[in-house]
Amino acid sequence: MTETNGAQVLRAAGLRKEFGELVAVDDVSFEIPPGQSLAIVGESGSGKTTIARMIVGLERPTHGTITVCGHDRSRPARSTRDRRRRGREVQIVFQDPYTSLDPRQSAEDTIDEVLRLHHGWPADRRRARTAELVDLVGLDTRQSRALPRSLSGGQRQRVAIARALAAEPAVLILDESVAALDVSIQAQVLNLLADIRDETHVSYVLISHDLAVVRQLTDEAIVLHRGKMVERGRTARVLDHPQHPYTQRLRASVPRPGWKPSRRDQPGGGEGNSVP
Amino acid sequence: MSDPATIAALESPGAAASAPLLEISGLSVMLEVNGTKRPVLRDVSLTVRPGEAVGLVGESGSGKTMTARAIDRLLPRGAEVQGSIRFGGSEVGALSGAGLRQYRNQVAMIFQDPRAHTNPVRRIGDFMTEALRTNLAVPAAEARRRAVDMLTQVGIDDGERRLRQYPHQMSGGMLQRIMIAAALLTKPRLLLADEPTTALDVTTQAEVMAILDDLRRGFGLAMLFITHDLELAAAICDRTAVMYAGQVVEVRTSALLHSDPLHPYTAALAAARPDITQTAHRLRAIPGRPLSAFEAPPGECAFAPRCPHAKDVCRTAVPGLVNLDGGMSRCARAHELRSHLGDAPHD
């Protein structure tokens, strides 16, 4: 694992992102202590994916700073060396396992490329580590040599997780990474993620709208609504005793036995969700 | 295969008086893929009574969408269909021309992605009133008046303006409410809802489900609600059917689905889902992956390879769908496993 110089693995302070007129993220701050995991909860347009993209370095914050392992990453990397170091600090697993893998690369080749780039190891050491990673994410030999098109969604997501772990990141961002999976496969991948955290002490940033998944995987949670952080606390507390009205509404919207959805807008009430 | 009418009567004695509105029995569908015929539905039997909401739950490839398409006669070209689908007593497969159009006015469908099922270059008003004008010969002005009125009922106020707008000017939740309004305009008797809220945010889902539930009850409309979400189906529907590998494996009163399931797959599916009220050390995942109908091993229970309760008896024959404690189960060990499948805490 990468050396951590401060008390926090990740620290975001006063994050703001503007796209033209639109303020996608507005003054969001959070920290993650070593080995802990954070959930970023919100619905579409809440800014959660924009935060993930800023942490990875795919977007540059308009204001505010992001520090991972003591290194600032709110400005673009100035050298290849710097960029590779950032790659060893933060990795991401995207939502869609069908578009986030190279269709011409097998799992083994995908992992090997990351190992060569980040660690510069000789071939036999890379081969051994690839086998370990393939095993860790629960793929068999045939699957590890197959191209993505002959793998199922769950298997592809395992490849994406193995690829991210190959860089041995301190922080792994899971951007709705289990949302597209069938329930029975989702449980397997969630168990896998829990095992990996126990073994490697990696910190997860879980971006999710699924509160049950959030409960399963994270220690702390922040709730975003239209770019603003409306609540922050221990995950169990946020879900069991939500304080902010929006969090309460989010919690009440989850179907459960005996759940009766209620209309906020009675006929003629006039509340609409139209795009402005 | 037992007579579906008797099955319906046995399942829920209280409703025995009303004849089923939709009656599927022994439905099997084969599709040709790359020159080989593959089964997508295998011996599906299901009833929906007037005004009743029935859930159809399953993972990808289980056949739930194909069931809906078979009901609405929207199967791909070349599909080979066996068994029967009866609506209001008449055989759906025999309909054509005016009869089929009339049938489709009575069976409305709403889809997962409203954007994919609306024409982006046509106004909302044209889309909503098309069926009224062309199939029911309602004058244009009257059709628009009814459309505005129905929009009010789904909580959209400025209907006149909305009718002049295009789909891209609406959010997903708004467009799905418009789809619901459009579906209800022809006064259907059955609504086929295929994952209508899956693409929506949770709070929007709650909103759309509330509207759907409200109007469905108000109009006395029957609904077949297709979803991958067992909890949502259980909360919304009177009864729920669970599908696996192209077969219905369980039919159960929704209130009993979680606490007292009849099939090991239903129990495993409920147990695999993380619980929002507590953190489990490990989830009880189902090993392997869900099978499609054509992958199911012949001559044995399709769920047997992943089932924690599978014994030799499960691998010798395909179990039939049999009545059990007010529901139905397709499990060779269903009787033995009674009271062993209910809610159990995670480890």
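Two strands count as paired here if DSSP finds at least two bridges between them. Keep that in mind as you click around, and remember that this is a predicted model.

**Stop 1: β6 and β7 of chain B**

Start by selecting β6(B) together with β7(B), residues 190-194. The two strands run parallel, and 4 bridges hold the pair together. For one example, pick B:A108 and look across to β7(B), where its bridge partner is B:L191.

Now add α7(B), residues 172-185, to the selection. This helix lies across both β6 and β7 of chain B, and its direction makes an angle of about 170° with β6(B).

**Stop 2: the rest of that sheet**

Widen the selection to the sheet these strands belong to. You should have 8 strands of chain B in an open sheet, in the order β6-β7-β8-β3-β9-β10-β12-β11, and the pairing is mixed. Which strands stand at the edges? They are β6 (107-110) and β11 (322-324) of chain B; each has a single partner strand, so one side of each is left without a neighbour in the sheet. Turn the view to look across the strands: from one to the next, the twist averages 25°.

**Stop 3: chain B as a whole**

Zoom out until you can see the full chain. There are 12 helices and 12 strands in chain B. Its radius of gyration is 21 Å, and the globule rule gives 20 Å for 347 residues; the two are close, so chain B is as compact as a globular protein of that length. If you draw a box along the principal axes, the C-alpha atoms of chain B fill roughly 65 × 50 × 45 Å.

**Stop 4: a helix pair in chain B**

Next, select α4(B), residues 124-135, and α5(B), residues 140-153. Their axes come within 9 Å of each other and cross at roughly 120°. Angles from 65 to 115 degrees count as roughly perpendicular and those over 145 as roughly antiparallel, so α4(B) is oblique to α5(B). As for handedness, α4(B) passes α5(B) in a right-handed crossing.

To see who touches whom, show side chains for these:

- from α4(B): B:G125, B:M128, B:T129, B:L132 and B:R133
- from α5(B): B:A140, B:A143, B:R144, B:R146 and B:A147

Colour them by class and the contact of α4(B) with α5(B) comes out as 5 nonpolar, 2 polar and 3 charged residues.

**Stop 5: where chain B touches chain A**

Leave α5(B) on screen and bring chain A in. How many residues does the contact take from each chain? It takes 45 from chain B and 41 from chain A. On the chain B side, the elements giving two or more residues are α5, α7, α8 (202-219), α9 (230-236) and α11 (264-272). Highlight α8(B) in particular: with 11 residues, it gives the most to the side of chain B that touches chain A. By class, that side has 20 nonpolar, 13 polar and 12 charged residues.

**Stop 6: a sheet in chain A**

Hide chain B and select β2, β1, β4 and β5 of chain A. These 4 strands form an open sheet, in the order β2-β1-β4-β5, with antiparallel pairing. The edges belong to β2 (22-32) and β5 of chain A, each with a single partner strand, so one side of each is left without a neighbour in the sheet.

Inside the sheet, β1(A), residues 10-19, runs antiparallel to β4(A), residues 63-68, and 5 bridges join them. Look for A:R11, which stands opposite A:T67 in β4(A). On to β5(A), residues 71-72: 2 bridges join it to β4(A), again running antiparallel, and A:V68 stands opposite A:H71. The hairpin of β4(A) and β5(A) has 2 residues between the strands, and A:C69 takes a positive phi near 55° there.

**Stop 7: a helix pair in chain A**

Finish with α3(A), residues 107-119, and α4(A), residues 123-136. They pack at about 125°, with their axes 10 Å apart, which makes α3(A) oblique to α4(A). The crossing is right-handed. Among the residues of α3(A) that meet α4(A) are A:I111 and A:L115, while those on the α4(A) side include A:L133 and A:V134. Coloured by class, this contact of α3(A) with α4(A) has 5 nonpolar, 1 polar and 5 charged residues.

Definitions and conventions
Residues are numbered from 1 along each chain as its sequence is written. Chains are lettered from A and ligands numbered from 1 in the order in which they are written. This is a predicted model: local features need pLDDT of at least 70, side-chain atom pairs count only at pLDDT 80 or more; totals for chains, interfaces and linings use all residues. Axes are lines fitted to C-alpha atoms, for helices over the stretch in contact, and angles run from 0 to 180 degrees between N-to-C directions. Two residues are in contact if their C-beta atoms, placed from the backbone, lie within 7 Å. Angles under 35 degrees count as roughly parallel, over 145 as roughly antiparallel, 65 to 115 as roughly perpendicular and the rest as oblique. A crossing is left-handed if the near helix is turned anticlockwise from the far one by less than a right angle, and right-handed if clockwise. Ala, Val, Leu, Ile, Met, Phe, Trp, Tyr, Cys and Pro count as nonpolar, Asp, Glu, Lys and Arg as charged, and the others, Gly among them, as polar. The radius of gyration is taken over C-alpha atoms; the globule rule is 2.2 Å times the number of residues to the power 0.38.
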